[in-house]
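Trainee: Could we go through this model together? I'd like to know what stands behind the words people use for it.
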Amino acid sequence: MFRNKWQLTLTIAFLCLGLLFSLQFRTHKAMDNDLNFQSNETLAAISRDLNTKYYQLIQEVWDLRTQLRLLEQSNDQNKLLVEALKREQQKLNIATGLTPVEGPGLIITIPENDQNYLGYQDIIDIVNELWNANAEAISVNGIRVTGATSFLPSDELSTILMDGKELSYPYVIKAIGEPSALEKGISIPKGVIDYLRNLYKIPLEIKQADKISLPSASAPNLKYSYPVAGKAGEKPAASGEPQF
Amino acid sequence: MWLPFLGLLLGFLIGQTLTFTVPANFAPYFSVAILATLDSTLGGVTAVMKEKYDAAILMTGFFINSTVSAFLVLLGDWIGVDLYYVAVFVFGVRIFQNIAIIRRELVSKYLSNNIKNSQSTTHEVQ
């Protein structure tokens, strides 16, 4: 393999040289990246740059924090506003009969009787008495009574039309409110119930219930009426809550 | 003929694969030692060219020169004399001289027959 005897030793020498070279090469490369072996000017420049960047970042953090706080505040306000509006809308929906409701109340049942005629006026009277006794929602034969509900006699005066639909016996009037207050309010002496019972001998049944479910009425079809500008928004805000 | 250069390449690759690195404090001494070994090996190549090669001289020059030069630089640091630049200068000059001799030998051997071997000496640098 080694034709001349110089080749072996010279190869060993070159091998060692290569080894030393690569070691020094790597050390030098590591030193270039090491801050300990940078010149003072370079270090000062690096330090200055980092300081500037540091203060810029601190400034940025403060700006962003302020922004975050502002956004949170406005978000909270919006949330509160939305919640208030939701509550308002729920109350209005209950008041206008646009949402099904349930709660304690009174059930008045008028069974069919042959002797005496019960007119549409009597139903209106009962409903009015119930409203007067602070009823919050009323239905007649499962139809919700709203501001647009009408009670009329049919042509032959034999039946009652509610919103144009014929009512049939037994008439069931359900009202949500405080049951005892409703009963007390409706059965005052010389009130409509008193007359119906004692004068016309109609066998009314009045029952207090812990839980009554009332369906929702169909939405009113408003074409011609518009809120008066400027006053529409003020009223609910001024009165706070709708009164039942 | 190419075996020594193969050895150089092999040594470099071995050094690259090793995870060991020279501590940064020893880097100046190490670089002087490298210059000494480079000088010794180039001297060996020159001797081969001139057919005056002696393995003992190369090996002793290689190891003793490198350690002594590194130690001298260390000594200079101890006594406050910056021998580092002296070592770099001396070895640098010698390396260039050796390279020049090798070049002249190669030229005379392979390119031109006009220049006689006897005309080149260690002190001729062109």
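Trainee: How many of chain B's residues count as buried, and what makes a residue "buried"?

Mentor: This is a predicted model, and of the 126 residues of chain B, 38% count as buried. To get that label, a residue must have under 20% relative accessible area. In chain A, with 244 residues, the buried share is 28%.

Trainee: What elements is chain B built from?

Mentor: Chain B has four helices and zero strands, so its order from the N terminus is just α-α-α-α. Chain A has six helices and eight strands, running α-α-β-α-β-β-β-β-β-β-α-α-β-α from the N terminus.

Trainee: How do you know that helix α3 of chain A has the span expected of a helix?

Mentor: Work it out from the residues. The helix covers residues 120–132, which is 13 residues, and at 1.5 Å a residue they should span 18 Å. The C-alpha atoms at its ends are 18 Å apart, so the two agree.

Trainee: Which residues of α3(A) are buried?

Mentor: They are Asp122(A), Ile123(A), Ile126(A), Val127(A), Glu129(A) and Leu130(A). Because they cover an arc of only 160° around the axis, they lie on the same side of α3(A).

Trainee: What comes just after that helix?

Mentor: Asn134(A), which takes a positive phi of about 65°.

Trainee: What sets the size of the interface between chain A and chain B?

Mentor: The size of an interface is often given as the accessible area lost when the parts come together. Here chain A and chain B bury about 2,900 Å² between them, with 79% of it on carbon and sulfur atoms. On the chain A side, Trp6(A), Phe14(A) and Arg26(A) lose the most area to chain B, together 22% of what that side buries.

Trainee: How many residues are in contact there?

Mentor: 25 residues of chain A are in contact with 33 residues of chain B. The cut-off for a contact is heavy atoms within 4.5 Å.

Trainee: How many salt bridges and polar contacts cross that interface?

Mentor: Zero salt bridges: a pair would need a side-chain nitrogen of Lys or Arg within 4 Å of a carboxyl oxygen of Asp or Glu, and the rule finds none across the interface of chain A and chain B. For polar contacts, the count is five residue pairs, both residues at pLDDT 80 or more.

Trainee: And within each chain, what share of contacts joins residues at least 24 apart?

Mentor: Counting contacts between residues at least 6 apart in sequence, that share is 74% in chain A and 68% in chain B.

Technical notes: Residues are numbered from 1 along each chain as its sequence is written. Chains are lettered from A and ligands numbered from 1 in the order in which they are written. This is a predicted model: local features need pLDDT of at least 70, side-chain atom pairs count only at pLDDT 80 or more; totals for chains, interfaces and linings use all residues. Side-chain values use heavy atoms; hydrogens and water are left out. Helices (H or I, at least four residues) and strands (E, at least two) are DSSP runs, numbered from the N terminus. The expected span of a helix is 1.5 Å times one less than its number of residues. Buried means under 20% relative accessible area, exposed over 50%, partly exposed in between (1.4 Å probe, protein chains only). The arc is that of the directions from the helix axis to the C-beta atoms. Buried area is the accessible area (1.4 Å probe) that two parts lose on being put together, summed over both. A polar contact is a pair of N or O atoms within 3.5 Å; within protein, one must be able to donate a hydrogen and the other to accept it, and residues adjacent in sequence count only if both atoms are side-chain atoms.
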